[in-house]
Amino acid sequence: MEIEERQPVQPGSGHPVSGGPGSEEPVGERSEESSGPRRSPLARRPLIAAVAGCAVLGGVLVLLPSGGGGAPRPAPGAAARAVSAVGAGAPAALSDLAALIDDRKSRVRARPRDDVSWAVLGVAYTERARRTAANAFYPKAEKALRTSLRLRPADNVAALEGLASLAGARGDFRAAKRWGEAASKVAPKRWTTYPALIDAYTGLGDHKAVDRALGKLLALRSGPAAQAVASRVYRDRGRREDAAAAISDAAAGAATPSEQAAFLTQGGDLAWERGDRQESLDHYRAAVSTDADAYDALAGQGRALAALGRVPEALRAYRAALAERPVLRYALELGELYDKLGLGAEARAQYDLLRDVVRRDGAAGVDDEPVLGLFEADHGDPRAAVMELRAAWQRRPGIAVADALGWALHRCGADQAALGFAVRATDKEHGGGVRSALYAYHRGQIERDLGLSGPARRHLTEALRINPYFSPLLVPAAREALTALGEPAAGGPAEESGDEDTEAPPAAPGQTPAR
């Protein structure tokens, strides 16, 4: 999100000049801390291959993690640097973010009717919660942003954007859409509104709206932040090469360690999704080397190291990530790794941690589906998972929920209903173009239990082709299922390697049949 500051800024200071309330141009902050020269961008480091993906979470471009209680006192100017990073749509250093929160808390105590400082404080709280999993900050963020909106109810685009970001971070995509569209109506040429809307539309499964919003974003902005958002959309469409190119350009333009670490992490994510263990590990290590607080990259190291057979290192990486950022996905992945190793007690401890996180998240208004649904389907109560995921489908009918609901229905034995959701999650007509080994695996197992041997064989094979290491528990299950299915009968229908279930159209006379 971008923060709108209404005080004019001197030309040549390195900060944009405010256009006043309702201005459509993003505006930086000027304070005593920012009166000196701006920091120079880092020298560009060569990246390992092409980085892909984007560390944009929720509605605004992310700020990287706050370091918690042991961090040293930030140097003077940290709050101004954080505002400058937010204004550029880039991640901010954790110490700078902590300083920004302290600074705005002091400001609103001294000037309780300062709507801009309340909006900045709300955004900073949201990002601190998002990046550290300290979700108790979300209610504080909501209070600050609503206070800003109450103080300035008309044309308060900063508060509207902040509320869209907050809603997206909590998984409330309908509210994120409502706030984001209100912001874009006030300032349609303000580019920072569109990442929030893209996330909201994605969560709601409205992929045509995603494309429209991305078009508007790229027409207004061409820098690293916009390229990173574009990369994420391309990835969701299955356009891996385009995603890699976009995030590579974004990483090449990274100006700070936090920004570069975010893009490196996303590069690692995309490399992992295509089954390149070593490349993903290289990206994650580079990210942590660049910013020690890149906890997503630390967990990514655990994922890649486990796939490489370096299990003790993988366990250490996962534990370190969870100690700093206890989120559901890490706990589930570590628990399943323990399960694979036959360490049942340790696995149960991780699953207990996961349930504790869910309770804390619920108290902070965070919607943890579909990860929670997948956990319950495989390790808990599948019927409870179906109930929760059906409710989630009403709130956020996106591809991830479709996949999770389909799998939970399968685990309950309702395979015919399950197939409809699995098809939706992998059907390009409904936006399911992402190349996901997990989604293909789920669909293949559902088809197998329905006696659809050909499609089942095709999708299980596809899952292992996309990423032969996608899960320590499910990869062996996929191989066992393929063995049980056997080879197609000689002279039977040809197996297709693509995503479509329909057979290729008949060839015209004299042509070779299409495959």
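Accessible areas here come from the Shrake-Rupley method with a 1.4 Å probe. The model is predicted.

**Exercise 1.** State the accessible surface of the protein and the share that belongs to carbon and sulfur atoms.

Solution.
1. The accessible surface of the protein is about 21500 Å².
2. Carbon and sulfur atoms account for 52% of that area.

**Exercise 2.** Describe the make-up of the protein: its helices and strands, its buried residues and its contacts.

Solution.
1. The protein has 23 helices and 0 strands.
2. Of its 515 residues, 55% are buried, where buried means under 20% relative accessible area.
3. Take the contacts between residues at least 6 apart in sequence: 62% of them join residues at least 24 apart.

**Exercise 3.** Locate the largest nonpolar core and the helices that supply it.

Solution.
1. The largest nonpolar core holds 43 residues, and Leu100, Leu121 and Trp179 have the most contacts inside it.
2. At least two residues of this core come from each of α1 (78-87), α2 (94-110), α3 (115-132), α4 (137-151), α5 (157-170), α6 (173-186) and α7 (193-203).
3. Another core, of 38 residues, lies apart from it; Ala385, Val386, Phe421 and Ala425 are among its members.

**Exercise 4.** List the residues that Trp179 touches, leaving out those up to four places away in sequence.

Solution.
1. With those neighbours left out, Trp179 touches Arg146, Leu149, Leu160, Leu163 and Ala164.

**Exercise 5.** Find the buried residues of helix α17 and what covers them.

Solution.
1. Helix α17 spans residues 371-379, and its buried residues are Leu372, Gly373, Leu374, Phe375, Glu376 and Ala377.
2. Their cover includes α15 (328-340), α16 (344-363), α18 (382-395), α19 (399-411) and α21 (437-449).

Technical notes. Residues are numbered from 1 along each chain as its sequence is written. This is a predicted model: local features need pLDDT of at least 70, side-chain atom pairs count only at pLDDT 80 or more; totals for chains, interfaces and linings use all residues. Side-chain values use heavy atoms; hydrogens and water are left out. Buried means under 20% relative accessible area, exposed over 50%, partly exposed in between (1.4 Å probe, protein chains only). Helices (H or I, at least four residues) and strands (E, at least two) are DSSP runs, numbered from the N terminus. Contact means heavy atoms within 4.5 Å. A nonpolar core is a set of buried Ala, Val, Leu, Ile, Met, Phe, Trp, Tyr and Cys residues joined through side-chain atoms within 4.5 Å.
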